[in-house]
Amino acid sequence: HVARAEAVRDLPAETLDGHKVRVAANMASVDELGVIMRSGAQEVGLLRTEFLYMRRDTAPGEDEQYDIYRSIVAGLKGKPLTVRTADIGGDKPVSYLDRPAEANPNLGWRGLRYSLAVPELFETQLAAILRASAHGPVRIMFPLVSTVDEVKAAKQRVQSVMDQLRTRALPFDEGLEIGIMIEVPAAAEMADLIAPEVDFFSIGTNDLTQYVMAADRANPKLKDLFDPFNPAVLRMIAKSIKAAHDADIWIGMCGAMAGSPIAAPILLGLGLDEFSMTPADIAEFKLTLRGLSLSECRNLSARVLGLDTARSVREQASLFLGRHK
Ligand code: PEP
Ligand code: MG
């Protein structure tokens, strides 16, 4: 079975009835480049940039970040790179930044909220990402968005950094795509009004599940509640996908659910365009996908949205997959 998965690694991510999706890798350090290039990924759907800020005493400067992003872009040889701006705070603390202790870090000053509050840090990173976009396809993605206003403010920052780069006569890709993560219920609920502001969405099921279910993603006592297959989470995913497509933008997923084979028929049926996962999961994912037909997946996804437990969703998806192996 593993050998079969290996053999499909470089084949297109295409269903039996010819529906294509994009399969991408998640990345969290430069060392993963070789593995990603051998994984069958068409692109990097999520570069977690927190690694740049951790295990050191000061924040990385623009040139240091630019060198790293540029070397990743070069190593990807034309495959698009989605750089997520620093998702600091919450479960990703950075000790040297002057941040107050919080009673609820996951509901705290984190992700894009923090970036917008500390413009020097944010603009330094945006400048480095934009400069890297002169060397190959790069996208910018913002984490933990809750409101339309946050998206507008972040885009204004990008515009102002673009102006600064023009003044400095430094090249960047004028048409680079700007997107957001859908990982806060407010953003999923307001997706129809956020979509016209951006080029793409990417669903972060780890945080989305945590916030929809009010269940700490790291608390083992809450394992049963912290389940992206819960219909409450699936309905938010379905709503986000519909809002994206109604606004003619694409939508991916970079949370752990994207690489789960039993999630594949459901997400495919809901119309997800891009699946970004741990590189080690890609071969198996493609094997599953290539045995499915979109029309049957659509029936399955419509059915599971009406179920009342995560357990019954998993059962239905497993039965479905069993019939298509
Ligand atoms: C997520 O929340 O699903 C996600 C992809 O981001 P992270 O796991 O880095 O919070
Ligand atoms: Mg997240």
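**Notebook: helix 14, strand 6 and the ligand 1 shell**

I looked up the packing of helix 14 and found that its buried residues pack against helix 10 (231-246), helix 11 (264-270) and helix 13 (294-304). I note that the model is a predicted one.

I then listed the buried residues of helix 14, which are Ala-310, Val-313, Ala-317 and Phe-320. They lie on the same side of helix 14, because they cover an arc of only 95° around the axis. This fits the general rule that an α-helix has 3.6 residues a turn, so residues three or four places apart point the same way. On the other side of helix 14, I found Leu-319, Gly-322 and Arg-323 exposed.

I checked the length of helix 14 as well. Its 14 residues (310-323) should span 20 Å at 1.5 Å a residue, and the end C-alpha atoms are 20 Å apart, which agrees.

Next I turned to strand 6 (residues 200-203). I found both of its faces covered, with Phe-200 and Ser-202 buried on one side and Phe-201 and Ile-203 buried on the other. Strand 6 runs parallel to strand 5 (residues 177-182), and four bridges join the two; Ile-182 has Ile-203 as its bridge partner in strand 6. Strand 6 also runs parallel to strand 7 (residues 250-253), again with four bridges. I recorded Gly-252 in strand 7 as the bridge partner of Ser-202.

Last, I examined the surroundings of ligand 1. The residues around the ligand include Arg-48, Asp-87, Glu-183 and Asp-207. By class, I recorded two nonpolar, four polar and four charged residues in the shell. Helix 9 gives the most, with three residues, and strand 2 (43-48) and helix 9 (205-213) each supply at least two.

How values were computed:
Residues are numbered from 1 along each chain as its sequence is written. Chains are lettered from A and ligands numbered from 1 in the order in which they are written. This is a predicted model: local features need pLDDT of at least 70, side-chain atom pairs count only at pLDDT 80 or more; totals for chains, interfaces and linings use all residues. A residue is near a molecule or strand if its C-beta atom, placed from the backbone, lies within 6 Å of it. Ala, Val, Leu, Ile, Met, Phe, Trp, Tyr, Cys and Pro count as nonpolar, Asp, Glu, Lys and Arg as charged, and the others, Gly among them, as polar. The expected span of a helix is 1.5 Å times one less than its number of residues. A residue is buried if 20 or more other C-beta atoms lie within 10 Å of its own, exposed if 12 or fewer, and partly exposed in between; C-beta atoms are placed from the backbone. The arc is that of the directions from the helix axis to the C-beta atoms. Two residues are in contact if their C-beta atoms, placed from the backbone, lie within 7 Å. Two strands pair if DSSP finds at least two bridges between them.
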